[in-house]
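Hi everyone, thanks for making time. I'd like to walk you through a structure that's new to most of you, so let me put it up on the screen.

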Amino acid sequence: MTPRAETRAGDHAPAVAVIGGGATGCAVARDLALRGLRVTLIEAGDLGTGTSSRFHGMLQSGARYAVSDTVYAAECMRERRTVAALIPGAVEAVGGLFVALREDPPEFPDRFVKGCQAAAIPVEEIDPALVMREEPHLSRDIRRAFTVPDATINPWRLLNALAADIEAHGGRVLRRHRLLAVMTQGGRVRGVELESVEGRRVIPVDAVVNAAGPWAGRIATLAEQSIGLQLTKGSILVLAHRMVGRIVNRCRPPSSHDIIVPTGTVGLFGTTSEVVEDPGTTYVRPEEVQALLDGAAPLIPEIRSFRALRVWAGVRPLVKPEAWPENQPLPRRHQVIDHSAQGLGGFFTVCGGSLTTHRSMAADAGDHLCRQLGWNAPSSSATTPLHGAGTEAWHPVAGHAQSEKAQAFSRQLCECEAVQAGEVDRLLGENPDITLDDLRRRLRVGFGPCQGTFCAPRAADLLAALRPDADAAGELHGFWQERLKGIAPVAWGPQARQLLLNDSVYERTLGLRLPDRMPT
């Protein structure tokens, strides 16, 4: 069937397609919409299903890179303040600690302090004895300790706020639309061909920004372009509660197995680092889990006594400069690639960086694009309030406090995360194409210790009641399959019993069988 072409009403502002619905893509689309361009954000799935939801959850101060890359560290600190001011409802200012153990390089802490000062990162040395009193699960072998203003961020709150702001400024957000082709003529981008459940269509555009994270290389090939990326998988272990009150880093050169993050109602420990070829490589092998536990032991000696809920992995897209030494860590700074140097005008790729720097990455990409298109409009994304972002900070236990105050226990759909059934009703009513898996991301349904054993069937019941034609049983089975990917590698002790209970509920009560082979 011939794809239909579409036109858009409006002025003569350039039309831009942004590919990728992660933090960078959403930020690029917002930045361009604020500049008055006609913007379409295109995402193959739901927002935040890639690296933006598979990381350590930090909105970092940059202190981690204060020694290795002071310029990037300073950018992180600026953006940490900017993002927290723009969307406080997605940020929890838990604070950060850098601790030096006996085995860590003794000269590094002094270099760390100088690097933080050079990057304008507030840093203060505190008594290790105080740290050990306040954080009883940490090693008793802390030699020096420093505080920095690290924070955590709820990525889905951020992404959905950015998407709402894109639409509020005249842009549009297309979820579940797969890019089939970048259409060119005369050495310039002319349009994009998309596919969705509604069929194929062509959108005429003047430019394309490739912000697809680890999939950026594959998107570039659709335009017959190439980019030098190194894909690195990082795995993270999820513990059943917040083991520490602040984000804790080892005070040593950035490496694997050196961060503990209290986020939401759980604790995260990571990460590993492994070069991979496939951007969809998110399966965590048993030996990776053991490596995480071994790496955590010096910092949290009793790590194996804590209940592990699951593991996950994300793929980092790092820019690999030409002739970069093989034994040197790749730079973390982002890069904007103008593909006119490769013979295609109007095609740009932005990659590297981190979620913390998503806004500054977007502003840089917008500057490059506007210069080429001759569109004279500066970035205003740092100072323009996000539409409907609110002013209250994110408090992960706020839902529990509200339930206690209102005594609203009978309508509580997810006890672990204090999600009310009314919140699910509202989202299902407002979003006709939302899925059970989308609810997991939007509301943290299934994130707690039971991993969806009780709340997911309740959500499926609401879905079936509101949408009689929906395949609620099929979506519930898919939800459980997705949860299994992370639970199976840590199925020992209490979590093995939880897995058997989950299977009993799903199979005996709901008739959904556990697969003979665990999903990968």
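Let's start with one residue: Gly199 is partly exposed, because its relative accessible area is 22%. For these words, buried is under 20% relative accessible area, exposed is over 50%, and partly exposed is in between, using a 1.4 Å probe and protein chains only. Gly199 sits in strand E13, residues 199-204. From Gly199 to Arg252 there are 53 residues in sequence and 52 Å in space, C-alpha to C-alpha.

Some housekeeping before we go on. This is a predicted model, where local features need pLDDT of at least 70 and side-chain atom pairs count only at pLDDT 80 or more, while totals for chains, interfaces and linings use all residues. Residues are numbered from 1 along each chain as its sequence is written, and side-chain values use heavy atoms, with hydrogens and water left out. When I say helix, I mean a DSSP run of H or I with at least four residues, and a strand is a run of E with at least two, numbered from the N terminus.

Now the sheet. It's an open one with six strands, in the order E10-E3-E2-E14-E22-E21, and the pairing is mixed. Pairing here means that DSSP finds at least two bridges between two strands. At the edges are strand E10 (172-174) and strand E21 (335-338), each pairing on one side only. From one strand to the next, the twist averages 20 degrees. Those angles run from 0 to 180 degrees between N-to-C directions, and axes are lines fitted to C-alpha atoms, for helices over the stretch in contact.

Let's walk across. Strand E3, residues 38-42, pairs with E10 in the parallel sense over three bridges, and Thr40 has Arg172 in E10 as its bridge partner. Two helices pack on this sheet. Helix H1 (residues 23-34) touches strand E2 (15-19), E3, strand E14 (207-210) and strand E22 (347-351), and its direction makes about 170 degrees with that of E3. Helix H8 (residues 358-373) touches E2, E14, E21 and E22, with its direction at about 165 degrees to that of E22. Touching, or contact, means heavy atoms within 4.5 Å.

What are the bridges on either side of E14? E2 and E14 are parallel, with four bridges, and Ala17 has Val208 in E14 as its partner. E14 and E22 also run parallel, joined by three bridges, and there Val208 is partnered with Phe347. As for the side chains of E14, Ala207 and Val209 point one way, Val208 and Asn210 point the other way, and all are buried.

Elsewhere there's a hairpin. Strand E11 (residues 178-185) and strand E12 (residues 188-196) run antiparallel, joined by seven bridges. Ala181 has Glu193 in E12 as its bridge partner. Two residues lie between the strands, and Gly186 takes a positive phi near 60 degrees.

Next up, helix H11. Why do we call helix H11 (residues 436-443) largely enclosed by the rest of the structure? Because seven of its eight residues are buried. The cover over those buried residues includes helix H5 (155-168), strand E24 (419-420), helix H10 (421-430), helix H12 (455-466) and helix H13 (472-487). Right after H11 comes Arg444, with a positive phi near 70 degrees.

H13 also has a partner. Its axis and that of helix H14 (residues 493-509) come within 12 Å and cross at roughly 165 degrees. That makes H13 roughly antiparallel to H14; the cut-offs are under 35 degrees for roughly parallel, over 145 for roughly antiparallel, 65 to 115 for roughly perpendicular, and oblique for the rest. Residues making the contact include Phe479 and Trp480 of H13 and Leu499 and Tyr506 of H14.

What about disulfides? A search of the whole structure finds zero, where a disulfide is a pair of cysteine sulfur atoms within 2.5 Å. Cys251 has its closest cysteine sulfur in Cys116, 8.2 Å away, so that's too far for a bond. Cys251 is also buried, at 0% relative accessibility.

Last, some backbone oddities. Most residues other than glycine have a negative phi, and most peptide bonds are trans. Glu224 has a positive phi, near 60 degrees, and it's exposed, with a relative accessible area of 74%. Gly270 and Thr271 are joined by a cis peptide bond, with omega about -15 degrees.

That's my tour, thanks for listening.
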